[in-house]
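Student: I have a chain on screen and want to read its fold step by step. Can we work through it together?

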Amino acid sequence: MRILLIIFLYMAIASTANADLTQLETLKVGDMRKLKFQKIGTSVPISPFLDANGGSISLTNFSDKFILINFWATWCAPCRKEMPQLSKLQLQMGGKDFEVLTIATGRNDPNQMALFFEEIGVQNLPLYRDPKQELARNMGVLGLPTSIIIDRNGYEIARLLGDADWHSDSAIEIIKYLILN
């Protein structure tokens, strides 16, 4: 009897998770079709990265909110195209429940990073760096840009390789859905 109860509970949990994924899949339009959701979230590493002042920081500093991490580099042309969209997303959705983190991975001079943001008109995103690519490597980042959505509990739940319009109606609806559910 106990085994039947365990099987029933497992099936109930699994069907609820699949319902959420099904709903999220229906929200994916345009560039967001490249966003791949995971059925079971993956724990993210606590590898340190650097803030704008060169101080050590980790993803644990952003617990209790959804975060969209964007790995980028100053030499990355698609990153230049995508970054203003991430800035607009942060302006519209950023707050106590959601935040966009931009982390330049590899050798990126802080002055060049600031110039990159200035040239494209981005003023509201952080200039975080992962100079040794420790966080990027531990998160399995294989190309740039790569965007990863982390849930409130510190689990990776979705990933998108390549640039995307993160200020599209589809992206905004996905973020809203995540925050509210």
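Student: Which unit do strand 4, helix 2 and strand 5 make?

Tutor: Keep in mind that this is a predicted model. Strand 4 covers residues 66-72, helix 2 covers residues 77-93 and strand 5 covers residues 98-105. Together the three make a right-handed β-α-β unit.

Student: How many bridges join strand 4 to strand 5?

Tutor: The two strands run parallel. Leu 68 stands opposite Val 100 in strand 5. The number of bridges joining strand 4 to strand 5 is 7.

Student: Where does the chain go from strand 5, and through which helix?

Tutor: Strand 5 also pairs with strand 6 (residues 128-130) in the parallel sense, over 3 bridges. The chain crosses from strand 5 to strand 6 in a right-handed β-α-β crossover. The helix it passes through is helix 3, residues 110-120.

Student: Which residue of strand 6 does Ala 104 stand opposite?

Tutor: Strand 6 spans residues 128-130. Ala 104 belongs to strand 5 and is buried. Its partner across in strand 6 is Arg 129.

Student: Are the two faces of strand 5 covered or open?

Tutor: In a regular strand, side chains alternate between the two faces of the sheet. One side of strand 5 carries Phe 98, Val 100, Thr 102 and Ala 104, and the other carries Glu 99, Leu 101, Ile 103 and Thr 105. With 8 of the 8 residues buried, the strand is largely enclosed by the rest of the structure. Both faces are covered.

Student: Which side chain of opposite charge is nearest to Glu 82?

Tutor: Glu 82 lies in helix 2. Glu 82 is buried yet has no salt bridge. A salt bridge needs the charged atoms within 4 Å. The nearest side chain of opposite charge is 7.0 Å away, and it is Lys 34.

Student: What is Glu 82 in contact with, leaving aside its neighbours within four places in sequence?

Tutor: One partner is Asn 70, and residue 70 falls in strand 4 (residues 66-72). The others are Pro 145, Ser 147, Gly 162, Asp 163, Ala 164 and Trp 166.

Student: In what order do the elements of the chain run from the N terminus on?

Tutor: The chain has 5 helices and 8 strands. Read from the N terminus, the order is α-β-β-β-β-α-β-α-β-α-β-β-α.

Student: What share of contacts joins residues at least 24 apart?

Tutor: Take the contacts between residues at least 6 apart in sequence. The chain has 181 residues, of which 45% count as buried. The share of those contacts that join residues at least 24 apart is 73%.

Technical notes
Residues are numbered from 1 along each chain as its sequence is written. This is a predicted model: local features need pLDDT of at least 70, side-chain atom pairs count only at pLDDT 80 or more; totals for chains, interfaces and linings use all residues. Side-chain values use heavy atoms; hydrogens and water are left out. Helices (H or I, at least four residues) and strands (E, at least two) are DSSP runs, numbered from the N terminus. Buried means under 20% relative accessible area, exposed over 50%, partly exposed in between (1.4 Å probe, protein chains only). Lys and Arg count as positive and Asp and Glu as negative; His and the chain ends are not counted. Contact means heavy atoms within 4.5 Å. Two strands pair if DSSP finds at least two bridges between them. A crossover is right-handed if, with the strands pointing away from the viewer, the path from the first strand over the helix to the second runs clockwise.
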